[in-house]
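Ready for a few warm-up exercises on reading a protein model? Have a go at each task yourself, then check the worked solution below it.

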Amino acid sequence: MKLAAESPVVIFSKSSCCISHSIETLIRSFGANPIVYELDELRNGREMEKALVELGCKPSVPAVFNGKELVGGSNDIMSLNLRGNKLKQLLIRANAIWV
């Protein structure tokens with residue numbers, strides 16, 4: 001949770017996960033600049049992954065935090081994006097982008 005509070009948008013990912021890359025690309029397409037933690041490249045990545053699973057992230061990556069709150073994984077992000085401008089509104093509320 002401490003890492004999730006470091007930026008308006010934080011993504012926990014794995015460098016080998018193409019879905020994580022797609023979610024990051026989608027969020028960046030709105031103009032947001034998320035902090036991305038590649039769990040497979042971090043010394044304590046396995047512990048972080050366990051913590052994400054305990055928070056309810058299944059699968060553990062990608063896990064997207066917006067405004068210090070867990071938004072969810074790829075299904076959640078894609079659902080928000082497909083429901084009009086819900087993802088954009090979420091990014092605006094977290095001050096990740098401006099209108």
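The buried residues of helix α2 pack against strands β1 and β3, and that's where we'll start. Keep in mind that this is a predicted model.

**Exercise 1. Work out which residues of α2 are buried and which are exposed, and how they are arranged around the helix.**

Step 1: Find the helix, which covers residues 45-54, and pick out its buried residues: G45, M48 and L52.

Step 2: Look at where they sit around the axis. Their arc is only 60°, so they end up on the same side of α2. There's a general pattern behind this kind of layout: an α-helix has 3.6 residues a turn, so residues three or four places apart point the same way.

Step 3: Now check the other side of α2, where R46, E47, K50 and E54 are exposed.

Step 4: See what follows the helix. After α2 comes G56, with a positive phi near 110°.

**Exercise 2. Describe the sheet: its strand order, its edges and the helix α1 that packs on it.**

Step 1: Trace the order. The sheet is open, its 4 strands run β2-β1-β3-β4, and the pairing is mixed.

Step 2: Spot the edges. These are β2 (35-38) and β4 (69-72), each of which pairs on one side only.

Step 3: Check the twist. On average, neighbouring strands of the sheet are turned by 25° against each other, direction ignored.

Step 4: Add helix α1, residues 18-29. This helix packs on the sheet and touches β1 (9-13), β2 and β3. The direction of α1 makes about 165° with that of β1.

Step 5: Zoom in on one strand pair. β3 (residues 63-66) joins β4 in the antiparallel sense, over 3 bridges. Within these strands, V64 stands opposite G72 in β4.

**Exercise 3. Find the aromatic pairs and say what each one ties together.**

Step 1: Count them: there are 2 aromatic pairs.

Step 2: Take F12 and Y37. This pair is stacked, at 5.4 Å centre to centre with 20° between the planes. F12 belongs to strand β1 and Y37 to strand β2, so the pair ties together parts that are 25 residues apart in sequence.

Step 3: Check burial, for which the relative accessible area must be under 20%. F12 has 5%, so F12 is buried. Y37 has 13%, so Y37 is buried too.

Step 4: Move on to F12 and F65, an edge-to-face pair at 5.7 Å centre to centre with 80° between the planes. Here F12 is in strand β1 and F65 in strand β3, so the pair ties together parts that are 53 residues apart in sequence. F65 counts as buried, at 2% relative accessibility.

Step 5: Put the pieces together: ring pairs link F12, Y37 and F65 into a cluster.

**Exercise 4. How many disulfides does the structure hold, and why is C18 not bonded to C17?**

Step 1: Recall the idea: a disulfide is a covalent bond between the sulfur atoms of two cysteines. The count here is 0 disulfides.

Step 2: Check C18. The closest cysteine sulfur is that of C17, and at 5.8 Å this is too far for a bond. C18 is exposed, with a relative accessible area of 56%.

Step 3: Check C57, which is in no disulfide; the nearest cysteine sulfur, in C17, is 13 Å away. C57 is buried, with a relative accessible area of 4%.

Conventions: Residues numbered from 1 in each chain as written. Predicted model: local features only at pLDDT ≥ 70, side-chain atom pairs only at ≥ 80, totals over all residues. Heavy atoms only, no water. Pairing = 2+ DSSP bridges. Helix = DSSP H or I, 4+ residues; strand = E, 2+ residues; numbered from the N terminus. Axes fitted to C-alpha atoms, helices over the stretch in contact; angles between N-to-C directions. Contact = heavy atoms within 4.5 Å. Buried < 20%, exposed > 50% of the residue type's maximum accessible area, 1.4 Å probe, protein only. Arc of directions from axis to C-beta. Phe/Tyr/Trp six-rings, centres within 6.5 Å; stacked < 30°, edge-to-face > 60°. Disulfide = S-S within 2.5 Å.
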